[in-house]
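User: Please take a close look at one part of this model, the helix α2 and its surroundings, and describe it in connected prose.

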Amino acid sequence: MVWEEHLVGTIPPTAKVTHLFTDRYFTGLAILDYLVSRNVYLTGTVMTNRTDGVAESFLKDTCMERGSSVSRKSEDGKACLAKCKDKKSVLL
């Protein structure tokens, strides 16, 4: 996780909340835990293989109608994973 620490190293560790928006290559549960400990909140699309198996519990794309969504929240309340479907599905 060295590169994640390097990416947010320039953000001053203040009491002020910082929001970080990323694409799917920089979004995952490992970096999310690190960022929340530094008072930085993360929003972004995520690849299925970076969800620790949570994405497999969602409905398959063929079972979802256009405009529908499903979500799961972590037990500690620090993370939420949502799947939305338009023409294709997106994990956030």
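Analyst: Surface patches here are made of residues with over 30% relative accessible area and no salt bridge, where like charges are joined within 9 Å and nonpolar side chains (Val, Leu, Ile, Met, Phe, Trp, Tyr) within 5 Å; a salt bridge is a side-chain nitrogen of Lys or Arg within 4 Å of a carboxyl oxygen of Asp or Glu, and accessible areas come from the Shrake-Rupley method with a 1.4 Å probe, only the protein chains shown counting as cover for residues. This is a predicted model, in which local features need pLDDT of at least 70 and side-chain atom pairs count only at pLDDT 80 or more, while totals for chains, interfaces and linings use all residues. Residues are numbered from 1 along each chain as its sequence is written, and side-chain values use heavy atoms, with hydrogens and water left out.

Ahead of the helix, Tyr-25 sits in the loop between β1 (18-22) and α2 (29-37), helices (H or I, at least four residues) and strands (E, at least two) being DSSP runs numbered from the N terminus. Together with Leu-7 and Phe-26, Tyr-25 forms a nonpolar surface patch of about 300 Å² accessible area; its relative accessible area of 46% makes Tyr-25 partly exposed, since buried means under 20%, exposed over 50% and partly exposed in between.

Within α2, the buried residues are Ile-31, Leu-32, Tyr-34, Leu-35 and Val-36, whereas Asp-33, also in this helix, is exposed at 54% relative accessibility. Asp-33 joins Asp-52, Glu-75 and Asp-76 in a surface patch of negative charge, with Asp and Glu counted as negative, Lys and Arg as positive, and His and the chain ends not counted; each charge is placed at NZ of Lys, CZ of Arg, CG of Asp or CD of Glu. Just after α2, Asn-39 takes a positive phi of about 65°.

Terms used: Buried < 20%, exposed > 50% of the residue type's maximum accessible area, 1.4 Å probe, protein only.
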